[in-house]
Amino acid sequence: MKKNLQREETFYESIIRKGYSRRDFLKFATYMAAFMGLENTMVGQLVKTMETKKRIPVIWEHFQECTGCSESFIRSDHPLVADVILDTISLDYTDTLMAAAGHQAESAKQASMKENYGKYILVVEGAIPTKDDGVYCTIAGRTAVEIIKESAAGAAAILAFGSCSSWGGIQAASPNPTGAVPVDAIIKDKPIIKVPGCPPISEVMTGVVLFYAMFGKLPELDDEGRPKQFYGKRVHDSCYRRPYFDAGLFAETFDSEEAKKGYCLYKLGCRGPVTYNSCGTIGWNGGVGFPIKSGHPCIGCSENNFWDNGPFYERLENIPGMGIEATADKIGKIVLGAAVGGAAVHAVATNIFKKKEIDENKEMGEINEQNLNE
Ligand code: FSX
Ligand code: SF4
Ligand code: F3S
């Protein structure tokens with residue numbers, strides 16, 4: 001009963017009930033608008049929608065996965081991000097995070113799916129094994145194939161969180177012993193938004209849920225079914241090491257002086273040039289870092305089939321798209337000229353200054369250029 005009353009609340013009422021101030025709410029709306037790829041002029045509309053729109057039920061299924069997606073999600077730096085999903089958006093079923101377990105949890109899910117038939121968002125984490133009648137993933141005695149078909153039937157839209165539900169992930173890597181497939185191999189008649197990454201970035205997951213909850217429609221998707229506002233750019237395009245790439249300065253080994261200096265990781269197998277994700281702009285842990293910032297090359301975790309796209313740690317043979325955006329300066333002009341989120345503009349503008357500094361140092365003979373084709 002209490003739960004139903006809460007579901008009648010608007011997003012705003014729910015946020016205030018949790019003890020946040022209107023100022024917190026407005027700050028959150030501005031923060032999320034930037035990440036949702038909305039222009040500044042849309043913040044007012046987002047605020048109004050959050051003040052008037054009722055909560056939206058979410059059923060969250062877990063199949064073959066490591067639960068890293070949920071882990072990433074609940075570790076968002078912004079307290080309201082977790083609250084928006086865990087409370088404001090009514091998370092009616094997620095066997096990982098809900099208090100109930102066993103039959104109690106399953107019957108709560110059935111009740112919610114019935115009550116909200118045609119209206120709920122279905123979030124799917126993990127791949128679905130199809131080999132040997134799907135026996136390799138069963139929950140409460142039923143296979144993942146049966147469960148996904150049932151929960152997708154009443155869903156308004158499906159969000160595939162993580163590379164496993166988007167592409168199959170590590171379970172589907174060769175030789176794919178369980179016949180693991182992504183959600184869209186099984187469900188063909190529902191809108192599906194892919195939010196890949198192993199795991200995806202918390203703010204990206206929240207941004208996608210909020211976009212759908214607020215505007216009742218899918219965000220603009222790329223050819224692979226990923227929201228363009230978060231997957232429209234290569235990691236390479238906003239990587240803070242990009243000026244070193246452009247200057248031909250590379251780390252050759254992990255324990256080299258060049259690696260310590262933060263040179264580009266391209267020769268250590270970085271897949272940033274062929275990987276579309278928001279790591280260089282939104283980043284992880286409140287924007288503090290991402291793999292490359294920790295000294296590890298990007299392994300392309302948001303791309304289809306990335307486990308089999310290896311071997312990792314070997315230099316990419318060619319880089320599609322190079323020549324179009326050959327230098328940080330050129331990208332700067334493209335990005336600054338377009339209406340993009342502040343974080344991306346900031347990353348590129350910083351790179352332009354850094355590139356200038358590197359060029360000056362090179363002129364003074366303080367650093368030596370290495371050839372990209374060495
Ligand atoms: Fe997959 Fe998510 Fe990688 Fe793990 O649940 S995308 S294995 S981080 O966690 O599905
Ligand atoms: Fe960054 Fe990798 Fe591109 Fe180098 S190759 S600039 S480390 S994304
Ligand atoms: Fe994944 Fe590459 Fe980002 S490995 S987390 S897409 S830097």
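**Exercises on three ligand shells and selected residues**

The shell around ligand 3 is made up of 7 nonpolar, 3 polar and no charged residues, where Ala, Val, Leu, Ile, Met, Phe, Trp, Tyr, Cys and Pro count as nonpolar, Asp, Glu, Lys and Arg as charged, and the others, Gly among them, as polar. The structure is a predicted model, in which local features need pLDDT of at least 70 and side-chain atom pairs count only at pLDDT 80 or more, while totals for chains, interfaces and linings use all residues. Residues are numbered from 1 along each chain as its sequence is written, chains are lettered from A and ligands numbered from 1 in the order in which they are written, and side-chain values use heavy atoms, with hydrogens and water left out.

**Exercise 1.** List the residues around ligand 3.

Begin with the rule that a residue is near a molecule if one of its heavy atoms lies within 4 Å of it. Applied to ligand 3, this gives Thr-275, Asn-277, Cys-279, Trp-284, Phe-290, Pro-291, Cys-298, Ile-299, Gly-300 and Cys-301.

**Exercise 2.** Describe the surroundings of ligand 1 and the polar atoms that its oxygen atoms approach.

First, 13 residues surround ligand 1, and those that come nearest are Cys-66, Cys-69, Glu-125, Cys-164 and Cys-198. Next, look for polar contacts, that is, pairs of N or O atoms within 3.5 Å; within protein, one atom must be able to donate a hydrogen and the other to accept it, and residues adjacent in sequence count only if both atoms are side-chain atoms. An N or O atom in the side chain of Glu-65 is 2.5 Å from an oxygen atom of ligand 1, and a backbone N or O atom of Gly-68 is 2.7 Å from an oxygen atom of this ligand. Two or more residues of the shell come from each of helix H5 (68-74) and helix H9 (162-167), with helices (H or I, at least four residues) and strands (E, at least two) taken as DSSP runs numbered from the N terminus. H9 gives the largest share, 3 residues. By class, the shell holds 5 nonpolar, 6 polar and 2 charged residues.

**Exercise 3.** Decide whether Cys-66 and Cys-164 are buried or exposed.

The cut-offs come first: buried means under 20% relative accessible area, exposed over 50%, and partly exposed in between, computed with a 1.4 Å probe on protein chains only. Cys-66 counts as exposed because its relative accessibility is 67%, whereas Cys-164, at 11%, counts as buried.

**Exercise 4.** Count the disulfides.

A disulfide is a covalent bond between the sulfur atoms of two cysteines. The rule asks for a pair of cysteine sulfur atoms within 2.5 Å, and by this rule the count is 0.

**Exercise 5.** Characterise Asp-237 by its place, its accessibility and a contact.

Asp-237 belongs to helix H12 (residues 235-238). With 7% relative accessibility, Asp-237 counts as buried. Its side chain makes a polar contact of 2.8 Å with the side chain of Arg-234.

**Exercise 6.** Locate the cis peptide bonds that precede Pro-175 and Pro-199.

Between Ser-174 and Pro-175 the peptide bond is cis, with omega about 10°, and Pro-175 lies in the loop between H9 and strand S8 (180-181). That loop also holds Asn-176, which has a positive phi of about 45° although it is not a glycine. The bond from Cys-198 to Pro-199 is likewise cis, with omega near 5°, and Pro-199 lies in the loop between strand S9 (192-195) and helix H10 (202-215).
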